[in-house]
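Q: Please take a close look at one part of this structure and describe how it is put together. After that, go on to the surface and to the charged pairs elsewhere in the chain.

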Amino acid sequence: MPFYLSLLLLSAATLAYELALMRAFSIALWHHFAYMVISIALLGFGASGTFLSLWWRRPHDASRPRNPEKAFAVLTILFALSLPSCFAVAQRIPLDPFLLLWDARQWLWLVAFYLLFFVPFFLAATAIGLLLIERAPEAPRVYFFNLLGSGLGSLLLVIFLYLVPPERVVLLIYIIALTAALLVVRVFRAETQLLVLGLLVGGFYAFHFSDALAIRLSQYKSLSINLNLPAAEIVAERYSPLGRVDVLRSPAFRHAPGLSLAAQATPPEQLGLFVDGEAAGALNRFDGQKAPLAFLDWATNAAPYSLGRLPGHVLVLGAGGGSDVLLALYHDSAHIDAVELNPQIIALVRDRYGEFTGGIYARPDVRLHAREARGFLESLPPGEQFDLIQISLLDSLAAATAGVHALNESYLYTVEAFGRYFEHLSPGGVLAITRWLKMPPRDTPKLFATAVAALEEHGVARPGEHLALVRSWATATLLLKHTPFTPEEIAALKQFAEERLFDLDYYPGITPEETNRFNRLARSYYYEAAVEILAGGERRQAFFRDYPFHLRPARDDRPYFDHFFRWRALPLLLRTYGRQWLPFLEWGYLILVATLVQVAVISFALILLPLLLARRGQADVPPESRRGSRAHIFLFFLAIGLGFLFIEIVLIQKFTFFLANPIYAIAVVLAGVLMWSGLGSLSLLLVRRSPRLPRVCTAIAALSLAATFLLPVLLPALIGLPTAARVAISLALMMPLAFLMGMPFPLAWQRVEASRAKWLAWAWGINGCASVVAAVLATLLAISFGFRFVFLCAAALYLLAALAAPRLASSLDRNSSRA
């Protein structure tokens, strides 16, 4: 039993460490670089299969029998020691991913990163694989503790991220791994046990009382840049699974995005707000007097207040530090609903800096909602309407222009989301969305196209009469009105833009001569895009087809609004790299492709190597039998490895929308799927006769197909329920599918062990490589074809496994009889 408990804790520490690295390096760099590094490192699972094939399964001296328990203990101890050690060394490596095309040394540092984080995953995977191989008849029990531990690790990480900073989370994970090692240290002699205990405990104190684990922030992060301001200092820091929140103070700090060059008003004293090192707005000093807030009226997001009728009921989505709330107060709005997901930001504005901000989140005319914006909108009763719905600059300028949000899902900028906004606008109400300008133009035209698609789907015959576009030197604000703009409103909007030297790139009846007057571009790109999009039909499709960036509207099934990359734009990308002020144009998608290529090539090598070296040992087996057994093992374990992760990733996406909180979704889905799957594996020990493997795989495929079409219908209908009820429903809905998903691996593992045990390690490596490839491939497929397509692919993969399963058994039995 100690070894099973150790396996549980080892698995928990491994998954928690993987997620903790994503969190830590999302702060230090950007999440897509972290994604690439950790994806390569996770190939330690594939390499462990190769290693076990070549080392553990090789012939050995019978006079010196192997001791699998001692080997497991050694691997677990080394894994525990490697967790903080590799993390600490990585912080000292001067890797700068943006310099990879300029500085050859960066490639060496990148390889060093790969190798450092490869070590812990390789050690953990080798220990788990070793236990599976040596206790193959008990595979369902081993697999149960592995999956249960992984699910527990995902839950523990969420708790840890609320308790301590991200870098200290590594120490808490180390304690879990340390405990796993201590459970099995009894296999050594007493003096060795004392030595191991000293190393493990000493390691903890060495890292606990030093800053070796401190995260080194990229020089390109907004926080790094602002720390260079005079007398700049971080005066508050908060952390949670949603991100690290920093508050910066400097007498030179100013935050007024897209402020008119004609503005006379200046911001009051401000404190900078940063999430994961990226700018997230500012806290403005407010004493109840409106005059210091006048500067807010000189930015493009103030455009809806210029239309004549001042909005009485305002909804601010992504309230952050409260600038849009102050703008509404400046214009005497009577009722303001402010929605903010991050409770740490809310606490800072309302409590720690409540006096500084004038207690804006405690005012009787401001209702604060700690919710995810789209989830809040979906939970509103049908009759609740707003005069203004405002969404302003929910991403930072540096991250937006770098294209690093290309892999981020956002349900705020889909056609379905725009439809919800439209439904909750009062007659004459306005939706105002402000985004950073990106050059070459792509963000704002795509936003315009999304608005047009939503209006058309709601039966608006002339969507152009409901839209207007205001642009400054840095930001653009799209206005979508529930009813057509009146001539009086257009005149007021033109006066607003004229006074502030803003360009009107579109309004009903605009002429080309009225565009591109103040913040001049080479051409009237935004006006031209609006005209082509509004033209509809083949002309619109031709514009989408010929434009160098992806402008087709995002939808809930493909919620990647910030994905603009098209392969035809690659020459432009390479020409502008290093020649513009912002040379990091749309690298997010290319990083993902590069990750897939690296993972696929390395996986192929890891899978092929044992085959090449094993040929000499199969002279007694006919070639056709060798090919048959290998092919069926490969197909089966590849299919279930890909399929399992495909389903897991799609479920996270589906329940992120349903639970209206990404952290809840990750915790509930990972824990739910892994724990239900573990119970499915364990159930194989409780039945007299195991279910047939092809039937199990076919049932998984059938349930995947059913979920593909049922979840989009069920979840929106239940989204208004309390959070606890939605969590319970989520766990119940995923139970049948996840329970069955825990059966194919142990069933197939036992069959392979019974007839061709020498291929167990190879099968373990295939499954590990497939899991890593699946994570990257699923994201690429979702970006290109949608999550429904990924779900369908998962069903097809399990059908492939069902087809391979009978051939797997027959070929193995045939080979066994010849042995």
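A: Two strands are taken as paired if DSSP finds at least two bridges between them. The model discussed here is predicted. The part to look at is the hairpin that strand 3 and strand 4 form, with 2 residues between the strands. Asp276 lies in the turn and has a positive phi of about 55°.

Strand 3 covers residues 270–275, and its pairing with strand 4 is antiparallel, over 5 bridges. Strands of a sheet pair through backbone hydrogen bonds, either parallel or antiparallel. Within the hairpin, Leu271 stands opposite Leu283 of strand 4. Strand 4 itself runs over residues 278–284 and is mostly covered, with 5 of its 7 residues buried. Buried here means under 20% relative accessible area.

On the strand 2 side, strand 3 is joined to residues 243–249 by 4 bridges, and this pair also runs antiparallel. Val247 stands opposite Leu273 in strand 3. The hairpin strands thus belong to an open sheet of 4 strands in the order 1-2-3-4, with antiparallel pairing. Strand 1 (233–240) and strand 4 are the edges; each has a single partner strand, so one side of each has no neighbour in the sheet. From one strand to the next the twist averages 20°. In a regular strand the side chains alternate between the two faces of the sheet.

Next, the surface. A nonpolar patch is formed there by Leu182, Leu194, Leu197, Val201, Tyr205 and Phe209, with about 590 Å² of accessible area together. Helix 8 (residues 190–208) gives the most to this patch, with 4 residues. Leu182 is found in helix 7, which spans residues 166–184. Leu182 counts as partly exposed because its relative accessibility is 33%, and the range for that class lies between 20% and 50%.

Then the charged pairs. The whole structure holds 34 salt bridges, and three of them can be set side by side with the accessibility of their partners.

Arg189 pairs with Glu191, with 3.8 Å between the closest N and O atoms. Arg189 counts as exposed because its relative accessibility is 61%, while Glu191 is partly exposed at 48%.

Glu384 forms a salt bridge with Arg367, the closest N and O atoms being 3.7 Å apart. This pair links distant parts of the chain, 17 residues apart: Glu384 sits in the loop between helix 12 (373–379) and strand 8 (386–392), and Arg367 sits in strand 7 (residues 366–369). Both partners fall in the intermediate class: Glu384 is partly exposed with a relative accessible area of 21%, and Arg367 is partly exposed with 45%.

Asp443 and Arg435 make a salt bridge with their closest N and O atoms 2.6 Å apart. Asp443 is buried because its relative accessible area is 1%, and Arg435 is buried because its value is 3%. Elsewhere, salt bridges that share partners join Arg374, Glu378, Arg420, Glu423 and Asp556 into one network.

To return to the hairpin: strand 4 is at an edge of the sheet, yet 5 of its 7 residues are buried. Strand 3 pairs with strand 4 over 5 bridges and with strand 2 over 4 bridges.

Technical notes. Residues are numbered from 1 along each chain as its sequence is written. This is a predicted model: local features need pLDDT of at least 70, side-chain atom pairs count only at pLDDT 80 or more; totals for chains, interfaces and linings use all residues. Side-chain values use heavy atoms; hydrogens and water are left out. Patches are made of residues with over 30% relative accessible area and no salt bridge: like charges are joined within 9 Å, nonpolar side chains (Val, Leu, Ile, Met, Phe, Trp, Tyr) within 5 Å. Accessible areas come from the Shrake-Rupley method with a 1.4 Å probe; for residues, only the protein chains shown count as cover. A salt bridge is a side-chain nitrogen of Lys or Arg within 4 Å of a carboxyl oxygen of Asp or Glu. Buried means under 20% relative accessible area, exposed over 50%, partly exposed in between (1.4 Å probe, protein chains only). Axes are lines fitted to C-alpha atoms, for helices over the stretch in contact, and angles run from 0 to 180 degrees between N-to-C directions.
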